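Me: Please take a close look at a single part of the structure shown below. I should like one connected account of that part, set against the remainder of the model.

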Amino acid sequence: MSQFLFIFTVIIAGFITGQVIKKKKPCTEEFMPLFVFFALRFTVPVSLLLAIWQLPLNSKAIFILPVLGFAILLFGFGVGLCAGKILKMTPHQLGAYAPAGAYTNMGVIGSLASLVFLGESGIALVPLVKLFEEVVYYAILFPYAARCSTNNNAAKRRAFWRDPTLIITLSAVSLGFLLNYSGYTRPD
């Protein structure tokens with residue numbers, strides 16, 4: 001019970017801190033794209049690389065985790081799609097609603113829960129569950145939302161495999177596996 005209380009305390013404290021900073025320093029809105037860019041192109045890939053590098057890969061059962069994560073995302077999308085149709089949403093509304101059903105926040109909440117319950121080795125499992133997350137986002141969810149958009153410019157999209165964030169993320173995961181199998185020990 002204390003672990004759950006800790007997790008929710010961290011989430012609530014983080015939210016409140018963000019709101020206070022936003023209220024006292026309105027200029028943070030100007031820097032938000034920079035923060036997102038830095039997180040998606042540096043912080044997340046480096047954490048994935050380091051987590052996979054130290055992950056004990058002695059059990060082949062561990063490789064079912066990416067399939068499980070993929071299934072979780074598609075299940076959420078399916079639930080959003082069904083709920084939207086039951087609610088008789090327009091295609092435009094459904095284009096936002098159905099993909100939102102897939103955004104489970106496996107990374108942030110999952111990482112925190114893994115750390116609390118399993119320690120650092122547990123955090124290393126999260127990237128495996130999330131391994132196909134960006135592929136699902138860029139190959140399925142974002143194109144679906146763009147097709148449902150009333151904005152014709154939104155339909156212009158590049159091939160998902162050319163997205164820099166996806167390329168950097170998959171490169172970090174690949175490098176993490178290479179370093180893991182190389183035998184080099186990850187520094188503390």
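Reply: A residue counts as buried when its relative accessible area is under 20%, as exposed when that value is over 50%, and as partly exposed in between. Cys148, at 15% relative accessibility, is therefore buried. Cys82 is only partly exposed at 47%, because that value lies between the two limits. No disulfide is found anywhere in the structure.

The same classes serve for the part examined here, helix H8, which comprises residues 164–182. The model is a predicted one, and its confidence should be stated before any detail. The mean pLDDT over the protein is 79, and 88% of the residues score at least 70. Helix H4 (residues 91–100) has the highest mean, 90, whereas helix H5 (residues 108–118) has the lowest, 72. Where pLDDT is low, the predicted coordinates should not be read in detail.

The setting of H8 is a protein with eight helices and zero strands. Of its 188 residues, 30% are classed as buried. Among contacts between residues at least 6 apart in sequence, 72% connect residues at least 24 apart.

The geometry of H8 can be checked directly. With 19 residues at 1.5 Å a residue, H8 should span 27 Å, and the C-alpha atoms at its ends are 26 Å apart, so the two values agree. After H8 comes Gly183, with a positive phi near 95 degrees.

Which residues of H8 are buried? They are Thr165, Leu166, Thr169, Ala172, Val173, Gly176, Phe177, Leu179 and Asn180. These residues lie on the same side of H8, because the arc they cover around the axis is only 165 degrees. Leu178 and Tyr181, on the other side of H8, are exposed. Leu175, also in H8, is partly exposed, with a relative accessible area of 41%.

In soluble globular proteins, nonpolar side chains tend to be buried together. The largest nonpolar core here has 24 residues, and those touching the most other members are Ile62, Phe77, Leu128, Leu141, Tyr144, Val173 and Phe177. Helices H2 (28–54), H3 (65–86), H4, H6 (120–129), H7 (133–148) and H8 each give two or more residues to this core. The largest share, six residues, is that of H7. Two of the residues with the most core partners, Val173 and Phe177, also appear among the buried residues of H8. Another of them, Leu141, touches Phe77, Pro99, Ala102, Tyr103 and Val136, when residues up to four places away in sequence are not counted.

Leu40, in helix H2, shows how residues far from H8 along the chain can contact H8. Apart from residues up to four places away in sequence, Leu40 touches Pro45, Thr165 and Thr169, and both of these threonines are buried residues of H8. Leu40 itself, at 37% relative accessibility, is partly exposed. Its C-alpha atom is 8.8 Å from that of Ile168, although the two residues are 128 apart in sequence. For Leu175 and Leu48, 127 residues apart along the chain, the C-alpha separation is 9.5 Å.

Conventions:
Residues are numbered from 1 along each chain as its sequence is written. This is a predicted model: local features need pLDDT of at least 70, side-chain atom pairs count only at pLDDT 80 or more; totals for chains, interfaces and linings use all residues. Side-chain values use heavy atoms; hydrogens and water are left out. A disulfide is a pair of cysteine sulfur atoms within 2.5 Å. Buried means under 20% relative accessible area, exposed over 50%, partly exposed in between (1.4 Å probe, protein chains only). Helices (H or I, at least four residues) and strands (E, at least two) are DSSP runs, numbered from the N terminus. The expected span of a helix is 1.5 Å times one less than its number of residues. The arc is that of the directions from the helix axis to the C-beta atoms. pLDDT is the predictor's confidence in each residue, from 0 to 100. A nonpolar core is a set of buried Ala, Val, Leu, Ile, Met, Phe, Trp, Tyr and Cys residues joined through side-chain atoms within 4.5 Å. Contact means heavy atoms within 4.5 Å.
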